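User: I'm new to this one and would like to go through it with you. Could you take my questions as they come?

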Amino acid sequence: MAFKKLCEVYLVVASFSNVHAATVNAPKVIARDVVVIGGGAAGSHAAFRLQQDYNKSVVLIEKEAILGGHVDTYLDTSTIPPIPREYGVQVYFPYLDGLDFISRFNLTLLPGLGPRGATITRNIDFASGLELPSNYTGPDPFSTTTAIIRFHDLMVSQGWDKMVEPGFWNLPPGPQIPEDLLLPIGKFAKKWNVTDALPTMYQSTGGGPAARHRNFTDIMTLTFLQSFSPAWMKVFFGQAGMFHIDGGNQLLYNAIHSSLGKENVLTNSIVSSVRRPEKEGDKRGIEVTIRTTTSGKSATTTVIRAKKILLAIPPTRENLSPFDLNAVESDLFRRPKYGRYGTAIVSSPALPRGYELHNTPILAATDPNKPFINEPHILEFSSYGNDSELFSIGTSSSGLSYGEFDEREAIKVAQQSLDRMVAAGTVKGAGAGSAGGKKGGKESKLKVLEYSDHGPGGYGVTAEDMRAGWMERLYKLQGRRGTWYTGNAIAMDFSTQLWKMNDEVLRRMLESW
Ligand SMILES: Cc1cc2nc3c(=O)[nH]c(=O)nc-3n(C[C@H](O)[C@H](O)[C@H](O)COP(=O)(O)OP(=O)(O)OC[C@H]3O[C@@H](n4cnc5c(N)ncnc54)[C@H](O)[C@@H]3O)c2cc1C
């Protein structure tokens with residue numbers, strides 16, 4: 001049973017009283033100090049702090065049925081008792097006092113990853129379905145760890161960590177950005193002798209930053225760091241721990257939802273139009289029109305009159321199309337390109353329980369430092385252990401654009417990968433099969449229990465745009481036209497770092513009040 005679905009039922013019922021009076025023809029009009037758009041880690045945290053710590057009235061707009069964004073917790077009922085399984089955000093790690101935010105709720109942090117039984121890794125080339133030779137051991141762990149330490153120490157000694165964490169507040173103006181940070185990560189790694197760190201970095205970022213690129217090593221270092229920040233590097237050499245929330249990471253966002261109050265959260269909602277002041281002193285204020293579509297009900301419209309907007313969604317062209325962008329904003333936001341990343345919970349009679357089937361290209365058998373995959377792919381089928389029928393998968397568009405790699409395409413690639421493994425005899429299909437069933441049958445149909453679109457991955461611009469001051473101009477937009485920006489597209493892509501990014505955004509917002 002989907003934990004998410006249970007939450008949806010609860011939250012839809014809870015929010016019903018908020019929206020039932022509105023109709024498309026008679027919009028409900030509300031007034032708030034701040035309208036926060038996007039209820040992921042960044043938007044939910046900011047809305048909570050504005051309301052609880054700064055006494056501002058807020059309304060949080062989220063297009064999905066529940067808050068949490070990249071957090072995906074699935075209640076695994078194939079086990080007794082049912083166990084919450086994480087298949088999106090796995091862990092929280094300490095960054096400054098970022099973890100303290102979780103302590104504000106009645107939640108317990110436990111060390112390590114969420115519940116997952118022991119698994120044995122098998123390295124399989126999903127393009128051919130063939131398993132790598134049994135003497136394949138992957139990149140040398142000692143060289144990997146020492147390279148990650150070197151990478152981290154380099155960031156600190158050059159002061160580059162301060163330029164990027166938690167957001168790009170201290171990044172120098174375009175022409176003064178250190179050229180090293182604009183190099184493709186492959187060239188950067190060679191120059192600074194940290195190439196041995198890349199395979200692990202690639203695998204642990206789950207292909208997210210690679211989603212836009214056909215070739216992982218082409219990612220600009222500055223963009224790459226968003227998915228593998230200096231603070232996150234510390235986890236890999238034991239200088240920082242990692243934690244999950246007992247009962248499921250989703251519980252944090254349910255708690256935030258409850259604290260904010262149902263009248264202050266509009267789920268299943270998207271922005272349909274925005275009017276913002278163009279110039280300082282424009283008295284018309286901000287007006288945001290929201291359309292809420294709850295299954296089985298007619299759509300409702302809410303008009304929000306607000307003093308400020310906080311945008312905590314990826315600033316893609318699609319997301320910004322209802323906004324009244326001026327020429328400067330349009331020029332900035334048309335530049336980034338992005339791919340698509342997704343995760344899912346699947347099962348299949350052909351998937352062997354207790355194993356992580358890892359997508360490792362055959363090339364890695366001769367060069368373990370080349371595990372990179374340069375085509376749309378899934379990263380793994382990862383079992384939750386012998387007692388569960390469930391597997392998590394991660395999907396990366398790797399070179400395809402966002403629109404070209406939707407759920408259907410991603411699942412098609414997953415199914416093809418499994419079919420190839422069955423055809424190659426690497427895993428056994430179910431059914432009678434040939435030779436009296438000894439070789440296994442061909443049955444490998446994937447059942448998708450839940451798919452989660454993680455939206456734009458590898459959001460970023462070119463080195464030329466960076467040199468021309470793209471990031472500087474973006475950060476200068478903070479506060480203009482009553483609009484503030486946060487979220488993983490413009491900061492380090494980790495929850496605790498986004499919360500610290502927010503602290504600075506909110507400090508500046510309140511100063512400007
Ligand atoms: C598979 C995966 C695993 C990860 N694992 C970890 C991890 O273990 N630890 C960690 O710290 N970080 C992890 N991350 C990074 C993660 O992205 C950040 O931690 C954080 O969750 C991002 O938060 P956000 O609010 O910036 O973005 P999101 O979580 O994407 O939130 C944006 C929200 O806005 C909503 N939205 C989008 N468009 C609209 C719209 N037009 N109108 C209204 N709402 C909209 C979305 O539905 C979403 O809820 C992981 C990321 C991925 C993809």
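User: How are α2 and α17 oriented to each other, and why is that word used?

Analyst: Keep in mind that this is a predicted model. The axes of helix α2, residues 41-52, and helix α17, residues 495-511, cross at roughly 45°, and α2 and α17 are therefore oblique to each other, because that angle falls outside the ranges counted as roughly parallel, antiparallel or perpendicular.

User: Within what distance do the axes of α2 and α17 come?

Analyst: They come within 9 Å, and the crossing of α2 and α17 is right-handed.

User: Which residues make that contact?

Analyst: From α2 the contact uses Ala41, Ala42, His45, Ala46, Arg49 and Leu50, while α17 brings in Ser495, Trp499, Asn502, Asp503, Leu506 and Met509. Sorted by class, the contact of α2 with α17 has seven nonpolar, three polar and two charged residues.

User: Switching to the ligand, how many residues surround it, and which are the closest?

Analyst: The ligand is surrounded by 28 residues, and the closest are Glu62, His70, Val91, Asn488 and Asp493.

User: What does the side chain of Glu62 have 2.6 Å from it?

Analyst: An N or O atom in the side chain of Glu62 is 2.6 Å from an oxygen atom of the ligand. For His70, a polar side-chain atom lies 2.6 Å from an oxygen atom of the ligand.

User: And which atom of the ligand is 2.6 Å from Val91, and is the Val91 atom in the backbone or the side chain?

Analyst: There, a nitrogen atom of the ligand is 2.6 Å from a polar atom in the backbone of Val91.

User: New topic, the backbone. Is the peptide bond from Ile80 to Pro81 cis or trans?

Analyst: The peptide bond from Ile80 to Pro81 is cis, with omega near -5°, and Pro81 sits in the loop between β3 (73-76) and β4 (83-86). The bond from Glu165 to Pro166 is also cis, with omega near -5°, and Pro166 belongs to the loop between α5 (160-164) and α6 (179-182).

User: What about phi of Asn193, positive or negative?

Analyst: Phi of Asn193 is positive, near 55°, in a residue other than glycine, and Asn193 is found in the loop between α7 (185-191) and α8 (198-204). Arg481, again not a glycine, has a positive phi near 55°, and its place is the loop between α16 (470-476) and β18 (483-485).

User: Why point these out?

Analyst: Because most residues other than glycine have a negative phi, and most peptide bonds are trans.

Definitions and conventions: Residues are numbered from 1 along each chain as its sequence is written. This is a predicted model: local features need pLDDT of at least 70, side-chain atom pairs count only at pLDDT 80 or more; totals for chains, interfaces and linings use all residues. Side-chain values use heavy atoms; hydrogens and water are left out. Axes are lines fitted to C-alpha atoms, for helices over the stretch in contact, and angles run from 0 to 180 degrees between N-to-C directions. Helices (H or I, at least four residues) and strands (E, at least two) are DSSP runs, numbered from the N terminus. Angles under 35 degrees count as roughly parallel, over 145 as roughly antiparallel, 65 to 115 as roughly perpendicular and the rest as oblique. A crossing is left-handed if the near helix is turned anticlockwise from the far one by less than a right angle, and right-handed if clockwise. Contact means heavy atoms within 4.5 Å. Ala, Val, Leu, Ile, Met, Phe, Trp, Tyr, Cys and Pro count as nonpolar, Asp, Glu, Lys and Arg as charged, and the others, Gly among them, as polar. A residue is near a molecule or strand if one of its heavy atoms lies within 4 Å of it. A polar contact is a pair of N or O atoms within 3.5 Å; within protein, one must be able to donate a hydrogen and the other to accept it, and residues adjacent in sequence count only if both atoms are side-chain atoms.
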